Amino acid sequence: MAEPRPVLEMTGIVKEFPGVRALSDVDFRLFPGEIHALMGENGAGKSTLIKVLTGVYSLDGGTITLDGRSVRFGSPLQAQHAGISTVYQEVNLCPNLSVAENIFIGREPTRMGRIQWKRMRKEAAELVDRLGLDIDVTAPLSSYPLAVQQLVAIVRSVGTGDSDGEGSGTKVLVLDEPTSSLDRDEVQELFRLMRRLKDEGVAILFVSHFLDQIYEICDRMTVLRNGTLVGEHMVGDLDQVGLIQLMIGKALDQLEELHDHQLHSDVGETLVKAEGLGRTGGIAPFDLEIKKGEVLGLAGLLGSGRTELARLLFGADQPDSGKATIGGKQVSLSAPNDAIGAGVAFCSENRKTEGLVPDLTVRENIILALQAARGWTRPIPVSQRDELVAKYIKALDIRPANPEARVGQLSGGNQQKVLLARWLITQPKLLILDEPTRGIDVGAKAEIQKLVVSLSEDGMSVLYIAAELEEVLRLSHTIGVLRDRRLVAQITNGPEITTSRIMETIASGEHQ
Amino acid sequence: MSTPSVTTPSRWRALTHHHLFWPVAVLVVLLLVNVPFTPDFFSIKMTDGHLYGSLVSIVLFGSPLILVAVGMTLVIATGGIDLSVGAVVAITGALACSYISDQADQSALSGVLLAMGLGLLAAVVCGLWNGFLVARMGIQPIIATLIIMVAGRGVAQLITDGQIITINSEPYKLIGGGYWLTLPFSIFVVAAVVAVTVVLTRRTALGLLVESVGGNAEASRLVGIRSMRIKIMVYMFCALCAGIAGLMISSNTSAADGNNAGLWIELDAILAVVIGGTSLLGGRFSIGGTVVGALVIQTLTTTIYTIGVPTQTNLVFKAAVVIVVCLLQSPKFRAKVFGAKFGAGSGTKGSAKPATAPADTAPATEAAPKMEVS
């Protein structure tokens with residue numbers, strides 16, 4: 001793999017923001033035909049390095065060499081023309097346009113100012129075909145799941161320069177957390193595409209929080225910590241524990257602690273009981289019981305109905321069959337208010353769109369649920385409010401610990417903690433957490449999992465949804481397995497239950 | 001502004017980053033522009049126990065606009081807009097005046113109070129209708145309120161039979177044209193409405209909930225905020241403010257003109273809200289900013305007359321000033337023209353680094369002090 005000349009070389013990179021040195025003296029290199037992981041905790045400087053590379057930020061020091069020539073990009077467009085394409089976590093495409101239009105948007109093949117639709121569709125189909133994907137390019141993008149949209153975004157970015165000779169073809173492809181919302185099969189699909197591009201000689205820079213994925217697909221990795229380079233390693237030379245230690249700069253006692261953790265057996269009487277609860281097009285009718293102090297984990301692929309089940313229990317979507325009782329009382333669940341009144345709290349998987357109000361401060365976001373329950377005429381007294389907010393900022397270690405900070409400016413992990421704080425101050429009986437650890441760094445992940453454990457020990461019931469089976473297995477007393485929008489099994493956790501056992505259940509759709 | 005121990009440059013910086021800085025600066029400049037043309041612009045004289053002067057007239061003539069704009073601020077903060085306020089002004093004035101004109105004794109206090117109550121009730125019903133269409137039926141606010149904007153003028157003309165109704169009622173004259181404690185009575189009405197609004201939004205949780213609904217509607221629903229109720233309430237409040245403005249305008253002229261009363265006031269009101277720094281996208285709002293914004297617009301109108309801009313170039317001149325104000329509000333523009341010192345630190349936007357920076361380069365987070373009371 002160690003080819004003599006890297007396609008991209010960044011040396012001594014410095015980037016400063018007022019008062020903060022985001023990158024100091026970072027070196028980074030990328031060889032053609034390799035997949036290179038950029039590792040580090042949130043705030044380590046990964047995104048900054050990518051933004052410097054792709055021309056979003058200007059350089060404050062250091063040099064970038066692409067193909068032996070020194071370059072400096074003033075805008076993402078310039079970087080793209082030079083052969084550096086980027087696909088971000090969020091898909092930046094137009095869902096209402098067709099796949100072909102999305103691939104060619106902004107560089108449609110034209111003749112005398114008119115778009116050549118036929119040619120565009122043909123070229124799009126060829127491109128998709130060449131990359132081994134089975135996508136109908138004439139269908140609107142929105143008719144495909146998010147995962148496929150992500151693939152289209154990648155096809156679009158590597159397709160640059162194919163149609164009109166403009167640009168020089170993609171030499172470097174930057175994938176910034178493309179897998180954070182994909183399930184296992186979809187990740188494999190993405191990896192197939194990545195391998196194909198790698199074989200074509202494209203150098204891929206890959207950012208992901210999933211260590212298993214890094215070890216599966218990457219050849220080499222660069223580790224950053226606090227804006228400095230920690231080291232560059234071949235993936236085979238560094239095991240996961242070693243990598244995590246490099247990333248956080250200390251031994252991983254936090255996670256170790258959780259590994260040894262025993263599930264407490266102090267589970268009380270039934271709190272939530274759902275009978276035949278279901279919603280057409282959402283999830284098939286299911287029966288479910290959650291006991292006091294129990295952690296019920298939901299396992300299943302993305303789109304298997306995990307989120308839909310949770311949303312029904314919260315009244316975010318209205319059930320059209322069945323009934324639910326919470327604490328012995330029947331609840332209509334026709335709106336979130338009904339569930340909230342019965343002591344249910346719900347942290348959505350979509351922090352930005354369904355959770356936070358980015359314009360408001362940390363304090364305002366934290367008190368929002370409690371205030372909504374009290375109604376507008378009864379504001380929380382200022383002293384009590386400040387006390388509550390300060391208490392939860394401290395308890396959850398929200399940073400910056402400034403209640404006046406705009407929540408939109410916090411990192412993902414801290415935003416998640418703000419959401420948790422918002423519901424914890426309402427002292428719910430059932431806390432629904434949908435993917436609370438998605439897209440946040442290892443340290444914050446461990447903190448949130450520890451919190452779930454201690455909350456359930458204190459008698460709170462938790463419905464826990466996570467894509468990582470290990471996570472579900474580690475925390476749950478009972479594991480509900482979903483498949484094709486149906487709750488197919490409920491497994492009591494025990495020493496004999498393993499992730500492969502759950503995977504078998506997901507695959508077969510039944511539990512022995 | 002918040003920490004007393006800051007150095008001078010950072011205090012200056014905090015000042016320029018205060019959300020009211022640019023609107024107030026423009027207002028002051030506009031006022032000063034008048035001085036060379038009218039040397040006694042700032043002087044206030046006492047005549048017949050009434051205070052007279054340009055400043056007093058600006059507030060007096062700006063009163064209806066301030067009222068309408070204050071109501072509009074809350075609607076805009078929920079992510080909506082209310083185009084019907086001008087028509088509501090006309091309907092309220094028409095109802096009140098036609099009721100009074102039917103009375104044998106037009107100056108009877110009970111009749112006048114009833115007329116005002118009737119007008120305001122009609123206004124609130126209009127607001128209820130708007131709120132119902134927007135919150136309950138899910139119609140785009142701009143379309144929903146367009147209905148009354150167009151139809152309301154017709155209703156006002158029906159009420160007045162297409163005539164301009166003139167009345168002669170002493171008590172009614174007080175609201176828009178009378179004096180109390182040496183000052184125009186309108187000023188007290190405006191002060192009361194602004195004070196009530198501030199108390200209503202900032203001393204209760206209404207302001208927070210409105211900002212939440214406007215900032216992220218889906219998140220607000222999932223957190224249990226009854227956003228439908230809040231939206232309906234806000235549209236009703238906006239219409240009530242427009243109704244009071246309608247009483248004021250018809251009282252000032254002692255006449256109800258279904259065609260021209262409050263014509264285009266919705267546009268000036270929206271402008272005032274924007275100048276005051278409330279985003280049309282909804283979310284954060286500032287009542288204080290809106291009041292300053294409305295005063296800017298009224299001062300502009302006055303200035304156009306005092307410096308003698310030819311009537312036909314009136315609107316162009318106004319537009320030019322508005323563009324300047326809006327540009328000054330844009331952090332991007334300020335950073336480009338004045339350098340980073342005035343820009344809202346747009347360079348720091350992408351980094352979510354904690355605010356460990358030294359005082360003179362503090363990130364934007366702490367640069368804009370939060371408004372508790374406008």
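Residues 1-6 of chain B have a pLDDT under 50 throughout, and the model gives them six contacts beyond four places in sequence. A second stretch of chain B, residues 343-374, also has a pLDDT below 50, and there the model holds 60 contacts beyond near neighbours in sequence. The structure is a predicted model. Where pLDDT is low, the predicted coordinates should not be read in detail.

**Confidence in chain B**
- The average pLDDT of chain B is 85.
- Of the residues in chain B, 88% score at least 70.

**Overall form of chain A**
- Chain A contains 18 helices and 22 strands.
- The radius of gyration of chain A is 24 Å, which agrees with the value near 24 Å that a compact globule of 512 residues would have.
- The C-alpha trace of chain A spans about 70 × 50 × 50 Å along its principal axes.

**Burial, contacts and surface of chain A**
- Of the 512 residues in chain A, 56% are buried.
- Counting contacts in chain A between residues at least 6 apart in sequence, 67% link residues at least 24 apart.
- The exposed area of chain A is about 21,100 Å², and carbon and sulfur atoms supply 47% of that area.

**The β11-β12 hairpin of chain A**
- Strand β11 (residues 220-225) of chain A pairs with strand β12 (residues 228-234) of chain A in the antiparallel sense, over six bridges.
- Thr222(A) has Glu232(A), in β12(A), as its bridge partner.
- Two residues lie between the strands of this hairpin, and Asn226(A) takes a positive phi near 50 degrees.

Technical notes. Residues are numbered from 1 along each chain as its sequence is written. Chains are lettered from A and ligands numbered from 1 in the order in which they are written. This is a predicted model: local features need pLDDT of at least 70, side-chain atom pairs count only at pLDDT 80 or more; totals for chains, interfaces and linings use all residues. Side-chain values use heavy atoms; hydrogens and water are left out. pLDDT is the predictor's confidence in each residue, from 0 to 100. Contact means heavy atoms within 4.5 Å. Two strands pair if DSSP finds at least two bridges between them. Helices (H or I, at least four residues) and strands (E, at least two) are DSSP runs, numbered from the N terminus. The radius of gyration is taken over C-alpha atoms; the globule rule is 2.2 Å times the number of residues to the power 0.38. Buried means under 20% relative accessible area, exposed over 50%, partly exposed in between (1.4 Å probe, protein chains only). Accessible areas come from the Shrake-Rupley method with a 1.4 Å probe; for residues, only the protein chains shown count as cover.
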